[in-house]
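Subject: the structure I promised you

Hi,

Here is the structure we talked about. Have a look at it first, then read on for what turned up.

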Amino acid sequence: MVTSASNITSTHPSVFVLMGIPGLQHLHNWISIPFCSAYTLALLGNCTLLFIIQTDAALHEPMYLFLAMLAVIDLVLSSTTLPKMLAIFWFRDREINFYACLVQMFFLHSFSIMESAVLLAMAFDRYVAICKPLHYTTVLTGSLITRIGMAAVTRAVTLMTPLPFLLRRFHYCRGPLIAHCYCEHMAVVRLACGDTRFNNIYGIAVAMFIVVLDLLFVILSYIFILRAVLQLASQEARYKAFGTCVSHIGAILAFYTPVVISSVMHRVARQAAPHVHILFANFYLLFPPMINPIIYGVKTKQIRKRALGLFSRKDV
């Protein structure tokens, strides 16, 4: 009976082995340089952004509160994967505990979904600010912002909670080698035996639901924004109004462009070398957390002024 119980519970390996970037293992040390630089910039930029927003009462407005949410998400998203990736590149520390792998996967996908939700909320913020400026303070109240944040977290957690439990039930007879730098859902599913159709369908359905639905509402918001901007009397007023959206458009492009390219690559360039797909997947994780603070720091006058003041005081 003991042996039987042991066999039933030991359906998964105690550890998975992350291969890093298959085919480019000999270049791991060199690849780690831009990865480490991007992670350092992400940490420095997002922490600075959070510090500025928290310490300046003038920045406790809806737009900046959403930006603070985005910064927190980017910090968690990059810190979920980058330290382990650098350990693989530098120390060849490729093993990851089975349950640690599931936790990493949960955080990775959950916070990606949260980022999409916050970008959508920021589009709504710009829509209200430009299309209904007189109602801005009455619509985007503190309680609504809190509810939006809670809804973003609830949606992500609800959609991603089933995945670890679904993956626990499989028998992993295809070995412990994951051809990736981190525990991504489909990379783990490929090692499982048995009927994985539900996982495949669920993963695709969630991705399509999030990307298509959120992006559709973002585009719809900007259609209304563009129409409102074009109705303004002077060119200077149009430029100023649309200028407040430039940073958000940059963040949208930084987040969704790698997602769309990676999705197209998986379907169009199936014969491409595995490392091409993995590099695109890594770019999706690295680029937004690194570039978002730069976009908002350069294009947002209040943040730029506070950042310059912060670093100039340090120099003194």
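Let's start with a contact inside the fold: the side chains of D214 and R155 meet in a salt bridge, with 2.8 Å from N to O. D214 sits in helix α9 and R155 in helix α6 (residues 142-160), so this pair ties together parts that are 59 residues apart in sequence. Is D214 buried or exposed? D214 counts as buried, because its relative accessibility is 1%, and the cut-off for buried is under 20%. Keep in mind while you click around that this is a predicted model.

How many salt bridges does a search of the whole structure find? The answer is five, and here are two more of them. One joins the side chains of R306 and D56, at 3.1 Å from N to O. R306 belongs to helix α13, while D56 is in the loop between α2 (28-55) and α3 (62-91), so the pair links parts that are 250 residues apart in sequence. D56 has 16% relative accessibility, so D56 counts as buried.

The other one pairs the side chains of K84 and D93, and there the N to O distance is 3.5 Å. The two partners are worth looking at one by one. K84 counts as buried because its relative accessibility is 17%. D93, at 38%, counts as partly exposed.

Now zoom out. The secondary structure of the protein comes to 13 helices and three strands. Its radius of gyration is 22 Å, close to the 20 Å that the globule rule gives for 316 residues, so the protein is as compact as a globular protein of that length. If you want to picture the dimensions, the C-alpha trace spans about 75 × 45 × 40 Å along its principal axes. And how much of the protein is buried? Of the 316 residues, 46% are.

Next, the surface. Which residues gather in a patch of positive charge there? They are K299, K301, R304 and K305. Helix α13 (residues 301-315) gives the largest share of this patch, with three residues. K299, on the other hand, is found in helix α12 (residues 274-299). With a relative accessibility of 46%, K299 counts as partly exposed.

There is a nonpolar patch on the surface too. F217, I219, L220, I223 and F224 make it, and it covers about 440 Å². Take L220 as a sample: its place is in helix α9 (residues 197-230), the helix that also holds D214. L220 counts as partly exposed, because its relative accessibility is 39%. So on α9 you can look at a partly exposed residue, L220, and a buried one, D214.

One last stop is F280, which lies in helix α12, the helix where K299 is found. F280 has a relative accessible area of 27%, so F280 is partly exposed. How far is its C-alpha atom from that of Q231? The separation is 40 Å, and the two residues are 49 residues apart along the chain.

If you'd like a place to begin, try finding D214 and R155 and the salt bridge between their side chains. After that, go to the surface and pick out the positive patch, with K299 as one of its residues.

Happy browsing!

Definitions and conventions
Residues numbered from 1 in each chain as written. Predicted model: local features only at pLDDT ≥ 70, side-chain atom pairs only at ≥ 80, totals over all residues. Heavy atoms only, no water. Patch = residues over 30% accessible without salt bridge, like charges linked within 9 Å, V, L, I, M, F, W, Y side chains within 5 Å. Areas by Shrake-Rupley, 256 points an atom, 1.4 Å probe, with all protein chains shown as cover. Salt bridge = Lys/Arg side-chain N within 4 Å of Asp/Glu carboxyl O. Lys, Arg positive; Asp, Glu negative; His and termini not counted. Charge placed at Lys NZ, Arg CZ, Asp CG, Glu CD. Helix = DSSP H or I, 4+ residues; strand = E, 2+ residues; numbered from the N terminus. Buried < 20%, exposed > 50% of the residue type's maximum accessible area, 1.4 Å probe, protein only. Rg over C-alpha atoms; globule rule 2.2 N^0.38 Å.
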